[in-house]
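Welcome, and please open your viewer. We will go from stop to stop, choosing what to select and looking at what is there.

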Amino acid sequence: MASSIEVGGSWSTNEDIALCQSWVNISHDPITGNEMKFHHMWSKIHGEFCQRSGSIRTEMALSSRWKLLNKELGKWRNALTKAKANIQGGQNLTDEMVQAQMWFGAMGQGKKSFVHFQCWEIVKDCSRFKIIPTGPPVVMNETPLHDSTSTDSPLDSPMETESPFVPRPPRPIGRKAAKAKRGATSSNDCVQLLEQIAKSATLRIERDLKRDEMDKAREEAYALQQQMAQEKYIEDREMKIMAMDTSHMSPETKAYWKLRRRDVMRKKLFNDDGPSNTDWLNDENH
């Protein structure tokens, strides 16, 4: 069993999974799921969650977290619905998951991309999150046989209660009108999707080129700085060699510094970095 989590800390993936599993098990219980009151249902969800995760989070913390997950999972369902509609309409221009992520980000009001895939696998078969194919709904006596907005638990939101009055849904438009509207919407959506892909690719290329230029400029500036520091170090060292007072030194030490001075002078006169190996400056006057 997972270790306990401090109250108020960040939610882990395992905690989110445990919360979704507990919500599904309690709210979809075939015997009591649709008859429980709000506080009783979340009390049971809290008990099962603590048993699964070993967490010590409060019932209110679970309710608040589920409100966020419920919103994100609902957005992902809508994004997947739009992506599947494009592919079913022959507009499979990009991978379904890529399209779904783009739709998810375009919806705003939250994260740019969907990340709760393990939670989605747990709740995707619940009627609240089930993806219903788009198209004219089949009706009988003006009452739809299915409604994508219907809920499957006592709560549509963890902080809301059910309304005793359920308004009659509006009458759906005709099949021809729905088909024409869907075709026009699908075409416009595909054009916007392609434009967005092209724009994103262009921006990414420009950003990469600009970053490469900045990296190159930094490397050149650093190399120049290192070269200047090296040249200054050599210049300072040569100045010390030429200014060395050898009057108090032994003959052997004087001979050593005399050779060092010859090397410096030869470098300055002939641009030669090699050690002194000639006798052209053996004259004591030098």
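Which residues are linked with Glu235 in a network of salt bridges? Select Glu235 together with Glu238, Lys267 and Lys268, and you have the network on screen. Keep in mind on this tour that the model is predicted.

**Stop 1: more salt bridges**

Side chains of opposite charge can pair when their charged atoms come close. The count of salt bridges here is 12, and three of them make good viewing.

Begin with glutamate 96 and lysine 84, whose side chains meet in a salt bridge at 3.0 Å, N to O. Colour the helices and you will see that glutamate 96 belongs to helix H4 and lysine 84 to helix H3, so this pair ties together parts that are 12 residues apart in sequence. Turn on the surface: glutamate 96 is partly exposed, at 23% relative accessibility, and lysine 84 is partly exposed too, with a relative accessible area of 27%.

Next, select lysine 124 and glutamate 121. Their side chains form a salt bridge of 2.9 Å, N to O. Lysine 124 has a relative accessible area of 30%, which means partly exposed, and glutamate 121, at 48%, also counts as partly exposed.

For the third, go to helix H6, which covers residues 175-242. There, aspartate 208 and arginine 211 sit three residues apart, about one turn of the helix, and their side chains meet in a salt bridge at 3.0 Å, N to O. Aspartate 208 is partly exposed, with a relative accessible area of 27%; arginine 211 is partly exposed as well, at 42%.

**Stop 2: helix H2**

Now select residues 38-53, which make up helix H2. With its 16 residues, H2 reaches 22 Å from its first C-alpha to its last, close to the 22 Å expected at 1.5 Å a residue.

Which residues of H2 are buried? Show the side chains of Met41, Trp42, Ile45, Glu48, Phe49 and Ser53 to see them. Then look down the axis of H2: these buried residues fall within an arc of 125 degrees, so they line one face of the helix. Swing round to the other side of H2, where His39 and Gln51 are exposed.

Before leaving, step to glycine 54, which follows H2. Its phi is positive, near 75 degrees.

**Stop 3: arginine 57**

Move on to arginine 57, in the loop between H2 and H3. Is arginine 57 buried or exposed? Its relative accessible area is 2%, so it counts as buried, the cut-off being under 20%.

Add tryptophan 11 to your selection. The charged end of arginine 57 sits over the ring of tryptophan 11, 4.3 Å from the ring's centre. Then add serine 10: the side chain of arginine 57 reaches the backbone oxygen of serine 10 at 3.0 Å.

**Stop 4: the aromatic pairs**

Show the rings of Phe, Tyr and Trp. How many aromatic pairs are there? The count comes to 10.

Zoom in on tryptophan 23 and tryptophan 66, a stacked pair with 4.4 Å centre to centre and 25 degrees between the planes. This pair links distant parts of the chain, with tryptophan 23 in helix H1 (residues 13-27) and tryptophan 66 in helix H3 (residues 59-88), 43 residues apart. At 1% relative accessibility, tryptophan 23 counts as buried, and tryptophan 66 is buried with a relative accessible area of 1%.

Now select tryptophan 76 and phenylalanine 114. These rings are stacked as well, at 4.6 Å centre to centre with 5 degrees between the planes. Again the pair links distant parts of the chain: tryptophan 76 is in helix H3, while phenylalanine 114 is in the loop between helix H4 (96-106) and helix H5 (117-123), 38 residues apart. Both tryptophan 76 and phenylalanine 114 are buried.

Where does the pair lead? Add Phe104 and Phe117, and you have one aromatic cluster with Trp76 and Phe114.

Finally, select lysine 75 alongside phenylalanine 104. The charged end of lysine 75 sits over the ring of phenylalanine 104, 4.3 Å from its centre.

Methods. Residues are numbered from 1 along each chain as its sequence is written. This is a predicted model: local features need pLDDT of at least 70, side-chain atom pairs count only at pLDDT 80 or more; totals for chains, interfaces and linings use all residues. Side-chain values use heavy atoms; hydrogens and water are left out. Rings of Phe, Tyr and Trp (its six-membered ring) pair if their centres lie within 6.5 Å; planes under 30 degrees apart count as stacked, over 60 as edge-to-face and the rest as tilted. Helices (H or I, at least four residues) and strands (E, at least two) are DSSP runs, numbered from the N terminus. Buried means under 20% relative accessible area, exposed over 50%, partly exposed in between (1.4 Å probe, protein chains only). A charge sits over a ring if NZ of Lys or CZ of Arg is within 6 Å of the ring centre and within 35 degrees of the ring normal. The expected span of a helix is 1.5 Å times one less than its number of residues. The arc is that of the directions from the helix axis to the C-beta atoms. A salt bridge is a side-chain nitrogen of Lys or Arg within 4 Å of a carboxyl oxygen of Asp or Glu. A polar contact is a pair of N or O atoms within 3.5 Å; within protein, one must be able to donate a hydrogen and the other to accept it, and residues adjacent in sequence count only if both atoms are side-chain atoms.
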